[in-house]
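Reader: I am a first-year student, and I should be grateful for a close look at a single part of this model. Please explain each term as it arises.

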Amino acid sequence: MTLDATTLPVIFAALMGLSILLYVILDGFDLGVGLLFPFAAPAERDRMIASIGPFWDANETWLVLAIGILLVAFPTAHGTILTALYLPVAIMLIGLILRGVAFEFRAKAPLAHKPSWDRAFFAGSLMTSASQGFMLGMYVMGLEWTVFHVVFAVLTAGALTVAFSFIGAGWVILKTDGALQLKAVAWARGGIWGMALGLGAVSLATPFVSARIFERWFSFPEVVLLAPLPLMSLALIVLLWVALRHLPTKGDHFAWFPFAGATTLMVLGFFGMGYSFYPYIVPEQLTIYEAASSPESLKIILFGALFVLPMIIGYTVLSYTVFRGKATSLSYD
Amino acid sequence: MDTFLLSRIQFAANISFHILFPTITIALGWVLLFFRYRFARTGLQKWMDAYMFWVKVFALSFALGVVSGITMSFQFGTNWPGFMEAVGNVAGPLLAYEVMTAFFLEAVFLGIMLFGARRVPPWLHILATFLVAFGTTMSAFWILVLNSWMHTPQGYELRDGIVHATDWFAIIFNPSLPYRLGHMLLASGLTVAFLIAGIAAFRRLIGDRTETVSTQLRFGLILGAVLIPLQILMGDLHGLNTLEHQPAKVAAMEGNWETGPNVSLLLFAIPDEAARTNHAEIAVPNGASLILKHSASGVVPGLNDFVAEDGTVMHPPVAPVFWGFRVMVGTGMAMLALSWLGVLLIWRRGADALPRPFLMVTTGMAFSGWLATLAGWYVTEIGRQPWLVTGVLTTEAAVGDVAAPMVMATLMAYIAIYLALMIAYIGVILHLARRAADGKSPTREEPRDAPISVPAE
């Protein structure tokens, strides 16, 4: 394989896809924890924060990497997408600011201010999740602001928010025990419907927006080859539903399953989307080949990425290993 | 107001807010490593107390830096798409290297540094602290490479108006990088030195007699006293480098309209761009020529050289550059006076017996590093105008086509949130200082995470 104007855009699209996927899973669970804040008692909130404390910063960095790759590898697409999504991007950024700082302030500000920072943490998580869901909907619809598209995007905004709260509940089930874990199981039971609905809405809407995507999914033999994707998703949702009826178990077996199941669903959904939209980076307008920047610049980034990405993944694994097990109280000493 | 102006104000507001926090974390990371190391070596609780206090400020500053930094990275696309379209081939890899070699490093090891002391062996905790400090410095390096390249671009060629990289070594080690990087790292060191001294002075003033406060006062003032002469020297070198590569910026800094020898150093003046002259000048004869050319008859460039025949002004707006420069230098001189006086007082009377008026002034200067840093960045960034990348891309050509009311709406939202966060940030630092002074800060008697045995005394 030679590195040129045909292979490099694919490699960078894959790298960007990987970053977005990791972001959605990793920041997904800590956003979800923020979304569940109003349902938890103040003492439980501290424990929920403790479960994401060592990770959230690095989780958010995957968004920076994803937007960075979009920026550096596909500069024209970057401008088109971000100017079209100007307002939701701004709302997401303000949400990210609010939750990032509330996380720190709630523990350090005078005790009387803590409930306000808790509210800011929830509001920030909600703004971030909803605007990301909104952007997903607008992207699927081709980035055009029509009434129908906005309605659809509002629907995906709601669905992604519930999906994040589901994966967040899965994380809390995994990282806590006792009454809080029991509560989290109930939250997950409530959230699984949103997750299924969101996945279903995007999967059904995408082929009907574009004849090209319809063709990709429903022509023979693709329709048979691709059948495992929706079937696996469906089976997984059923399994999750069954599991949530029996959790928590004695000896805490299968506490990992809701989180792992939600993660797998996101991976499946992501591959479905990737398959639908390839080779477009701006749906139906701009392909990754047209949008890619010059091969010389992409090569120098790839060279670094091949060295550094394994290291990043290595020390991320180290961090999750150091903080494995049930979350206890968070302290600096 | 039009989209261009609003977008500029918005970017300026974001980057001004953002830079405050890296300015603290870059140097504070190394200071924390020093505190941690001193504790490991001496076992004295005062070092652990200092570490425990400042690590909280570090975590808070880091979070503010991260979230305001994410905002910046998105603004390239939302408001300045022309920037990446024109120079993305150079800016892209530099930003990518920043994310890959710095952001992940600091973010992941910050988790271990903050919350891992009891979960990992001491050597790994110290290593994590080191990697966080190293990561913040690497981040500063890459972003200053890009910023310096925007001031003094080289190692590229233009094809159809798009920049293509030809020599990465030349791009990275462009002419203004060493001076800009040195100037910024020293600025960060000074900001932290005066912040530590200032907050320690505040604690002393409200009655905190603990040993760690004396240690922090001594540490902050000595660090400031050592760094400020280095900074003045570095600033001078940086200025000479700017004179060589961006003479229009220096002309604006000096408020000098006509190129010529024997140019005065203006201590005060009101530059009038419409009349192309200064009012109410207070000047030192030959001063600018002496500083810039090291000779009274040295020729200093004037702003009138940068006006095209058709009247197009190709030099930066004069007043903000002129005033920004004076605020920065004035703050630096105040830092010099305070830190040297402080060292003298410590030498003569000890850090436990610093006079109250001195402590009050030191408290007042806790955030002086922010003032100088912002003023300095205004000088260099406004001084680059009308260019975004000197000689390659004008700022106006890069602005995105977003409706002005939309930019106005987001600008208002950002400003409101930044003001609120600024108040909360300073409020929380003072709150932490008060709590520490009240002895309510949880400091443990015996260090469980220390690799050393505590001396018996």
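Author: The following account concerns one helix of chain B and the chain around it. This is a predicted model, in which local features need pLDDT of at least 70 and side-chain atom pairs count only at pLDDT 80 or more, while totals for chains, interfaces and linings use all residues. Residues are numbered from 1 along each chain as its sequence is written, and chains are lettered from A and ligands numbered from 1 in the order in which they are written.

Chain B contains 14 helices and six strands; helices (H or I, at least four residues) and strands (E, at least two) are DSSP runs, numbered from the N terminus. Helix α6 of chain B covers residues 177-205, which makes 29 residues. From its first C-alpha to its last, α6(B) reaches 41 Å, close to the 42 Å expected at 1.5 Å a residue; the expected span is 1.5 Å times one less than the number of residues.

Of the 29 residues in α6(B), 25 are buried, and the helix is mostly covered. A residue is buried if 20 or more other C-beta atoms lie within 10 Å of its own, exposed if 12 or fewer, and partly exposed in between, with C-beta atoms placed from the backbone. In chain B as a whole, 53% of the 457 residues count as buried. Just after α6(B) comes G207(B), with a positive phi of about 100 degrees.

As for the surrounding chain, the C-alpha atoms of chain B fill a box of roughly 80 × 45 × 40 Å, taken along the principal axes.
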